[in-house]
Amino acid sequence: MPETQLPDPRRWRALAFIALAQLMVVLDATIVNIALPSAQADLGISDANRQWVITAYALAFGSLLLLGGRIADMWGRKNTFLTGLIGFAAASALGGAAVNEALMFASRALQGVFGALLAPAALSLLAVMFTDGKERAKAFGIFGAIAGGGAALGLILGGILTEYLDWRWVFFVNIPIAAIAFVGAVTSVHEPDGTRNRAPLDLPGTLLGTLGLVALVYGFTRAETEGWSDTGTVSMFVLTGLLLVAFVLVERKVKEPLLPLRVVLERNRGGVYLALGLAVIAMFGLFLFLTYYLQIVKGYSPIRSGVAFLPMVAGMVIGSTQLGARLMTRVPARYLMTPGLLVAAVGMLLLTQMNVDSSYVALLLPAQILLGLGLGTTFMPAMSLATFGVEPRDSGIASAMINTSQQVGGAIGTALLNTIAASATTSYIGAHIGGSTPPELVQLQGMVNGYTTAIWWAVGILVVSAAIAFFFVNATPDTEQAAFDELDGEGEAAPVMIH
């Protein structure tokens with residue numbers, strides 16, 4: 001056993017600033033959605049083009065995460081983290097100052113580029129700074145709560161800034177957050193020596209992987225607006241398959257691949273990437289439908305609908321920091337993830353009972369609490385296992401994979417479930433319009449029928465995710481700690497595989 005390095009005395013202070021930066025990135029996934037109608041009106045963005053405010057960010061962020069993780073391993077996680085902060089803040093300033101749609105789209109793409117540097121660097125810094133089992137559980141509990149609750153908090157903050165200040169503040173708010181995180185990271189974040197991977201960049205793999213992810217994310221985005229049978233949509237998915245198959249073949253052959261296949265083929269990490277990606281499909285679909293339900297069907301204001309998500313946020317924080325973090329060092333991860341996903345599925349199942357006049361307190365409140373507790377308990381061990389047993393020099397790319405699974409899951413969830421909901425709504429209205437029920441009420445009933453139909457699919461997705469977590473994830477607290485002890489301080493050590 002190698003001599004264990006003493007833990008960095010500044011690690012907990014560093015965690016605060018790393019978590020703050022991660023919160024900024026996660027918030028951005030939803031905070032802009034609330035402000036989009038106001039920004040569209042001010043900048044004269046057409047209905048056909050408004051999707052690019054969201055798509056430009058998703059494409060850049062989702063497609064460049066693997067490259068961002070590899071850069072973090074090569075160049076240093078702290079350097080990459082600080083660069084990502086500066087770039088994200090600058091891109092946010094450009095978005096807040098945008099005077100036309102071209103500047104807005106450019107700023108969103110730049111935010112995605114620098115977010116793809118920032119997110120994997122943040123997670124991989126935690127992976128190399130916290131190696132003690134109990135401390136690691138607490139650190140990743142906090143990080144997991146932010147990852148899970150940040151998107152819902154973005155809905156609240158977006159509503160407040162848009163309603164009381166101006167839509168531009170959903171961008172400008174990132175500047176002080178990034179400044180605080182930058183100053184704190186400079187003084188508090190320390191990257192252990194000997195953990196970089198200085199091998200030259202795998203250019204063929206980078207090109208194929210990036211283009212494959214661009215095609216995948218764009219394919220799902222296009223499916224939402226143009227339909228699944230659209231020629232362009234089908235072409236994107238065919239191209240995705242060809243590019244990703246070529247990517248895997250290249251990664252098997254090159255000496256220093258962009259994504260070493262050992263990172264994803266280890267059963268615990270692979271199981272976590274797949275299970276969490278599926279869970280995010282369900283979660284992002286839920287945010288979309290509940291936002292529409294509260295604002296359109298129930299008539300809530302943006303702020304009120306944002307506040308209505310608070311019970312879910314609270315549940316995620318409690319599930320992650322009080323349940324997941326406390327039990328992670330005592331209970332095998334699959335016995336946290338599997339029940340957590342099933343509890344979330346029960347919460348989702350309650351929402352299938354929604355109708356036009358459903359009570360928030362009687363139905364939506366308990367459903368959100370169950371969803372929050374379940375997903376929060378799941379995210380914490382998932383974030384920790386994302387870098388389970390991986391070589392320190394690969395921690396950046398392993399961290400990028402967990403972000404990639406979430407980003408791709410979000411794109412799939414928004415497109416797939418929204419398409420299911422729209423089809424069910426159209427069928428319901430066609431079958432019920434023209435009767436004794438007022439047309440306006442039929443329209444609302446059709447919307448809710450669409451939401452609940454899609455939510456049934458989300459329930460099934462969460463159950464499949466729970467099954468994957470149970471059958472693939474077999475790490476125990478003892479074997480996890482043994483893996484990190486074996487790797488502690490050894491940049492070239494072989495990963496410990498648990499079977």
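A residue counts as buried under 20% relative accessible area, as exposed over 50%, and as partly exposed in between. The structure described here is a predicted model. Arg-222 has a relative accessibility of 22%, so this residue is partly exposed. The side chain of Arg-222 meets that of Asp-230 in a salt bridge, with 2.7 Å from N to O.

Side chains of opposite charge can pair when their charged atoms come close. The count of salt bridges in this model comes to two. Besides the pair of Asp-230 and Arg-222, there is a salt bridge between the side chains of Asp-73 and Arg-77, at 2.9 Å from N to O. Asp-73 is at 1% relative accessibility, and therefore counts as buried. Arg-77 is buried as well, with a relative accessible area of 0%.

The protein as a whole comes next. The model contains 18 helices and zero strands. Of its 499 residues, 57% are buried. The protein exposes about 18,900 Å², and 67% of that area is supplied by carbon and sulfur atoms. Contacts between residues at least 6 apart in sequence can be sorted by separation: 84% of them join residues at least 24 apart.

Some single residues show such contacts. Arg-11 is found in helix α1, which covers residues 11-43. With 10% relative accessibility, Arg-11 counts as buried. Leaving out residues up to four places away in sequence, Arg-11 touches Met-129, Phe-130 and Glu-135. Arg-11 and Ala-139 are 128 residues apart in sequence, while their C-alpha atoms are 9.5 Å apart in space.

Met-129, one of the residues that Arg-11 touches, is also the end of helix α4, which runs over residues 101-129. This helix has 29 residues and reaches 42 Å from its first C-alpha to its last, close to the 42 Å expected at 1.5 Å a residue. Helix α4 has a kink of about 30 degrees, centred on Gly-115. The helix is mostly covered, with 21 of its 29 residues buried.

A kink of about 30 degrees is also found in helix α13, centred on Gly-319. Helix α13 spans residues 310-327; at 1.5 Å a residue its 18 residues should span 26 Å, and its end C-alpha atoms are 24 Å apart, which agrees. Gly-319, where the kink is centred, is among the buried residues of α13. Other buried residues in this helix include Pro-311, Met-312, Val-313, Gly-315 and Met-316, as well as Ser-320, Gly-324 and Ala-325.

Helix α16 covers residues 395-432 and holds Gly-409. Gly-409 has a relative accessibility of 2%, so this residue counts as buried. Outside the residues up to four places away in sequence, Gly-409 touches Gly-277, Val-280 and Ile-281. From Gly-409 to Phe-284 there are 125 residues in sequence, and the distance in space is 8.2 Å, C-alpha to C-alpha.

Ala-424 is found in α16 too. This alanine is buried, with a relative accessible area of 12%. Ala-424 touches Asn-449, Gly-450 and Thr-453, again not counting residues up to four places away in sequence. Ala-424 and Tyr-451 are 27 residues apart in sequence and 8.3 Å apart in space, C-alpha to C-alpha.

The numbers of those partners lead on to helix α17, residues 439-472, where Ser-465 lies. Ser-465 counts as buried, at 0% relative accessibility. Its contacts, leaving aside neighbours within four places in sequence, are Ala-275, Leu-278, Ala-279 and Leu-341.

The last stop is on the surface. Ile-160, Tyr-164, Leu-165 and Trp-169 make a nonpolar surface patch of about 450 Å². Trp-169 is found in helix α6, which covers residues 169-172. What relative accessible area does Trp-169 have? The value is 39%, so Trp-169 is partly exposed. That is over the 30% relative accessible area required of a residue in a patch.

Technical notes
Residues are numbered from 1 along each chain as its sequence is written. This is a predicted model: local features need pLDDT of at least 70, side-chain atom pairs count only at pLDDT 80 or more; totals for chains, interfaces and linings use all residues. Side-chain values use heavy atoms; hydrogens and water are left out. Patches are made of residues with over 30% relative accessible area and no salt bridge: like charges are joined within 9 Å, nonpolar side chains (Val, Leu, Ile, Met, Phe, Trp, Tyr) within 5 Å. Accessible areas come from the Shrake-Rupley method with a 1.4 Å probe; for residues, only the protein chains shown count as cover. A salt bridge is a side-chain nitrogen of Lys or Arg within 4 Å of a carboxyl oxygen of Asp or Glu. Helices (H or I, at least four residues) and strands (E, at least two) are DSSP runs, numbered from the N terminus. Buried means under 20% relative accessible area, exposed over 50%, partly exposed in between (1.4 Å probe, protein chains only). Contact means heavy atoms within 4.5 Å. The expected span of a helix is 1.5 Å times one less than its number of residues. The bend at a residue is the angle between axes fitted to the seven residues ending there and the seven starting there.
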